[in-house]
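Open the model in your viewer and keep the selection tool at hand. The tour goes stop by stop.

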Amino acid sequence: MTGNSRLLALFGTNAPTPWRGRYSLSRLFFNFYLLVMGSFVAIAIFADFVISTAVKGITDEYTSRFMRGTIVLIEDELFRKPRSEWPKTIEMLDRKFAYKLDIVDRWTLKLPPEQAEKLDNGELAIDAQGDVLYHRLKQTPQILVVGPISPERNPEYRKGLPLDLRISLLTWSLIGLCLAIVVWLWVHPVWRDLEAMRQTARALGEGLFEARAPTMRSSAFGPLAETLNGMAERIQRLIATQKELSSAISHELRTPIARMRFALEMLAGTEQPCERQRLWQMMERDLDELDGLIDSSLTYARFEREQPELHLSTVDIAPWIEEQVAANRLLGRNLQLLVDTSALPPAQRVELDCRSMPYAVTNLLRNAIRYARTRIRVSAALVGDQIELHVDDDGIGIPPDERERVFSAFTRLDRSRDRATGGYGLGLAIARLVLAQHRGTASAGESPLGGARFTLRWPLSQSVTES
């Protein structure tokens with residue numbers, strides 16, 4: 001089996017599981033509806049129990065006062081007749097009332113202690129349901145029973161569903177319908193947004209990194225969609241950078257490797273010390289070139305991938321610029337390297353990251369040293385609440401249509417594609433990433449010296465920019 005076949009077999013074995021299923025709108029609706037409706041019913045039942053318990057005493061008192069006159073009239077009517085005629089009298093009265101009347105002996109009743117005490121003291125007693133009243137007929141052992149008062153508990157009037165039950169069923173049906181409409185109006189946009197984000201996540205999982213979540217109808221999912229889109233953009237940019245780096249590095253590695261291979265072949269075929277020394281030096285230069293390429297690529301990849309956190313320091317900008325120029329002055333031994341900070345106020349202080357900003361300045365200086373003929377000038381000035389740092393040279397300059405492209409990674413202009421001045425096309429790209437990290441910009445233009453001018457611009461204070 002060839003290497004490619006083994007690789008394909010490996011990827012086939014570890015292929016991702018296909019995406020299955022989708023959000024069910026009906027299931028989401030019913031689950032949420034049952035949760036809301038169940039909670040509402042439970043709260044209503046509990047509230048009804050609490051209210052009923054709280055007002056039970058008031059209701060019983062009202063019933064007693066409301067029925068006291070009727071019971072007294074019935075009692076007076078009974079005592080106009082002999083006790084032997086009370087059953088017939090109560091039967092006759094029962095037919096005239098909408099609720100049942102009866103006479104029972106005291107010992108047959110089983111009432112709560114509080115109500116039994118009231119009954120024995122000649123007061124009205126009420127059963128636990130508050131629907132049947134008991135009254136002792138003066139000093140006799142017989143009790144007048146009035147009720148049930150409610151038609152629903154009276155066997156003579158029990159026809160179909162009780163009225164209060166019918167009203168309750170109708171009320172709860174209307175409440176359930178209204179709640180279902182409200183839940184649907186809320187759940188449907190939520191389901192639509194969830195499904196849209198699921199489709200976006202599925203596309204991203206399948207490698208379609210240009211997929212983006214649409215604008216969310218529900219405000220609850222807006223930040224989540226923005227985060228998902230930001231993640232997708234970041235992944236897309238990282239993958240593009242990885243491909244770009246892989247392609248560019250593989251291309252850049254070919255030339256020094258080819259030269260080293262050629263030098264090794266020449267070294268094996270010569271015995272002359274001078275020629276062997278020259279070939280060794282050539283291979284050392286190629287190794288240095290490879291080392292520089294790898295170092296620059298790693299630096300660019302780190303800034304592009306990680307966006308390292310700023311460690312800001314407030315520095316006196318004029319001495320800091322002098323220090324950066326002094327560190328690179330040896331590279332331009334034959335060039336006139338000038339620093340002009342006269343446009344800055346005395347002791348002007350600027351916030352910057354002392355670890356990353358030198359990358360940007362050094363890359364601009366090395367680029368100027370590479371192309372300048374005789375002079376390089378570094379200057380700085382304040383423009384509003386920002387600092388501008390210019391690096392000018394008197395070299396061949398950059399055409400206007402190329403001034404933006406030179407900041408792309410591994411981009412070199414055609415006239416620089418030689419070993420002496422070519423570089424790797426990463427210095428300016430790193431400078432722009434560093435300035436973006438400082439919420440600033442890096443740009444190219446025409447220099448007053450006749451060559452190219454590179455300008456770094458960033459806020460004096462990063463905290464003001466953040467606020």
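Two strands count as paired if DSSP finds at least two bridges between them. The model is predicted. Select E3 and E4 to begin: they pair in the antiparallel sense over four bridges.

**Stop 1: the sheet**

Add E1 and E2 to the selection. The four strands form an open sheet in the order E1-E4-E3-E2, with antiparallel pairing. The edges are E1 (101-105) and E2 (125-126), and each of them pairs on one side only.

Now go through the pairs. E1 and E4 are antiparallel over five bridges. Show leucine 101: opposite, in E4, stands valine 146. Move to tyrosine 134, which stands opposite valine 145 in E4. E2 and E3 (residues 133-136) pair in the antiparallel sense over two bridges. There, alanine 125 stands opposite tyrosine 134 in E3.

Zoom in on the hairpin of E3 and E4. Five residues lie between the strands, and lysine 138 takes a positive phi near 50 degrees.

**Stop 2: strand E4**

Isolate E4 and show its side chains. In a regular strand the side chains alternate between the two faces of the sheet. Which residues of E4 point one way, and which the other? Gln142, Leu144 and Val146 point one way, Ile143 and Val145 the other way, and all are buried. E4 is thus mostly covered, with five of its five residues buried.

**Stop 3: helices on the sheet**

Bring in H3 (residues 86-96). H3 packs on the sheet and touches E1 and E4 (142-146). The direction of H3 makes about 150 degrees with that of E1. Next select H4 (residues 113-120). H4 lies across E2, E3 and E4, and runs at about 35 degrees to E3.

**Stop 4: the largest core**

Leave the sheet and colour the largest nonpolar core, which has 39 residues. Within this core, Met357, Phe454, Leu456 and Trp458 touch the most other members. Elements that each supply at least two residues include H8 (317-328), E7, H9 (357-371) and E11 (452-459). H9 gives the largest share, seven residues.

Centre on tryptophan 458. Beyond its neighbours within four places in sequence, tryptophan 458 is in contact with residues including Ile317, Val350, Leu352, Met357, Leu389 and Leu435. Another core, of 16 residues, lies apart from this one; Met67, Tyr99, Leu101 and Ile126 are among its members.

**Stop 5: H8 against H9**

Show H8 and H9 together. Their axes come within 10 Å and cross at roughly 50 degrees. That angle makes H8 oblique to H9. The crossing is right-handed. Turn on side chains at the interface: Trp320, Gln324, Val325 and Asn328 in H8 meet residues of H9, including Met357, Val361, Leu365 and Ile369.

**Stop 6: H10**

Select H10 (427-437). Eight of the eleven residues of H10 are buried, so the rest of the structure largely encloses this helix. Among the buried residues are Leu428, Ile430, Leu433, Val434 and Gln437. Step on to arginine 439, which follows H10 and has a positive phi, near 60 degrees.

**Stop 7: glutamine 348**

Finish in the loop between E6 (336-340) and E7 (349-353), the place of glutamine 348. Is glutamine 348 buried or exposed? Glutamine 348 counts as buried, because its relative accessibility is 14% and the cut-off is under 20%. Leaving aside neighbours within four places in sequence, its contacts are Val315, Asp316, Ile317, Leu382 and Leu460.

Note on methods: Residues numbered from 1 in each chain as written. Predicted model: local features only at pLDDT ≥ 70, side-chain atom pairs only at ≥ 80, totals over all residues. Heavy atoms only, no water. Buried < 20%, exposed > 50% of the residue type's maximum accessible area, 1.4 Å probe, protein only. Contact = heavy atoms within 4.5 Å. Core = buried A, V, L, I, M, F, W, Y, C linked by side-chain atoms within 4.5 Å. Axes fitted to C-alpha atoms, helices over the stretch in contact; angles between N-to-C directions. Parallel < 35°, antiparallel > 145°, perpendicular 65-115°, else oblique. Left-handed = near helix turned anticlockwise from the far one by under 90°.
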